[in-house]
Amino acid sequence: MKKIKFLNFLSLIILTLFIVSSLNAEIIILSACDNKKDGFLKNEYILDLEKSLMTRNFVYNNKTFKKYRVTDLSIKKENTLTKFIYQENDKILTDKIGYPQFYTQLLFEIDNPNIMIKTVINNEEGISFMSSCKKIERFEKES
């Protein structure tokens, strides 16, 4: 009797792990993203839900590159940025940048081409539009 209960319990755990791993085995690519503030030749976001990573690849256009280069000589024309992400329901958020009383995060919604920025100041939350992408691709990872 104990052996059957143990096998049922073990089967349930294996099934649960299989379902959870298959749900997160997905990559979402948002490309051709326009930004309301800056200009880019390339601006794409790759969300790897299995690894919990967002990779942003972007290339500034000449006007934006010159604007930032004036105040910061370390600015490069081609850039890659990686951040940890986590999922809350149909929303994907990057890790928090800032202090506990003030922080920002990028906010993505599943199948939504708009990228938002979430700002929190003393527990007061504000969400504003940052960028819109022309193309969304979803890839399921097969194991």
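1. Let's start inside the protein, with the lining of the largest cavity: by class, seven of the lining residues are nonpolar, one is polar and two are charged. Please keep in mind as you read that this is a predicted model. The residues around this cavity are Ile28, Leu30, Leu47, Ile92, Phe108, Glu109, Ile110, Asp111, Asn112 and Ile136. Strands β1 and β7 each contribute at least two residues to that lining. The space enclosed is about 50 Å³, and a search of the whole structure turns up one cavity of 30 Å³ or more.

2. Next comes the largest pocket, with a volume of about 440 Å³. It is lined by 21 residues, and those closest to its centre are Asn35, Arg56, Leu106, Ile117 and Met130. Which elements give two or more residues to this lining? They are β2 (40-48), β3 (53-60), β4 (78-88), β7 and β9 (124-140). Sorted by class, the pocket lining holds 11 nonpolar, five polar and five charged residues.

3. Strand β7 has appeared in both linings, so to speak, and its pairing deserves a look of its own. Residues 102-109 make up β7, and three bridges connect this strand with β5 (residues 91-94) in an antiparallel arrangement. As an example from that pairing, Lys91 sits opposite Glu109 of β7. Glu109 is also one of the residues lining the largest cavity.

4. β7 also pairs with β6 (residues 97-99), again antiparallel and again through three bridges. Here Tyr99 has Phe102 of β7 as its bridge partner. The connection from β6 to β7 is a hairpin through two residues.

5. On to β8, which covers residues 114-121: seven bridges join β7 to this strand, and the two run antiparallel. Thr104 finds its bridge partner in Thr119 of β8. The β7 and β8 hairpin has four residues between its strands, and Asp111 in that turn has a positive phi of about 60°. You may want to find Asp111 in your viewer, as this residue also helps to line the largest cavity.

6. Now for the charged pairs: the count comes to seven salt bridges. In one of them, the side chains of Glu26 and Arg138 meet, with an N to O distance of 2.5 Å. Because Glu26 belongs to strand β1 (residues 26-35) and Arg138 to strand β9, this pair ties together parts that are 112 residues apart in sequence. How accessible are the two residues of the pair, Glu26 and Arg138? Glu26 has a relative accessible area of 6%, so this residue is buried, whereas Arg138, at 38%, is partly exposed. The picture extends to the turn of point 5, since Glu26, Asp111 and Arg138 are linked in a network of salt bridges.

7. A second pair is Asp34 with Lys134, whose closest N and O atoms are 2.4 Å apart. This salt bridge also links distant parts of the chain, with Asp34 in strand β1 and Lys134 in strand β9, 100 residues apart. Is Lys134 buried or exposed? With a relative accessibility of 61%, Lys134 counts as exposed, while Asp34 is partly exposed at 42%.

8. Glu44 and Lys42 form a further salt bridge, with 3.8 Å between the closest N and O atoms. Glu44 counts as buried because its relative accessibility is 16%, and buried means under 20%. Lys42 has a relative accessible area of 39% and is partly exposed.

9. Last, a look at Phe84, a residue of strand β4. Is Phe84 buried or exposed? Its relative accessible area is 56%, so Phe84 is exposed. Which residues does Phe84 touch, leaving aside those up to four places away in sequence? The contacts are Ser52, Leu53, Leu93, Thr94 and Asp95. As for Ser52, this residue and Phe84 are 32 residues apart in sequence, yet their C-alpha atoms are 5.7 Å apart in space.

Key
Residues numbered from 1 in each chain as written. Predicted model: local features only at pLDDT ≥ 70, side-chain atom pairs only at ≥ 80, totals over all residues. Heavy atoms only, no water. Pairing = 2+ DSSP bridges. 1 Å grid on protein atoms, 1.4 Å probe; cavity = no way out; pocket = protein on both sides within 12 Å on 5 of 7 lines; lining within 4 Å. Points joined across faces, edges and corners; volume = space filled by probe spheres on them. Nonpolar A, V, L, I, M, F, W, Y, C, P; charged D, E, K, R; others polar. Salt bridge = Lys/Arg side-chain N within 4 Å of Asp/Glu carboxyl O. Buried < 20%, exposed > 50% of the residue type's maximum accessible area, 1.4 Å probe, protein only. Contact = heavy atoms within 4.5 Å.
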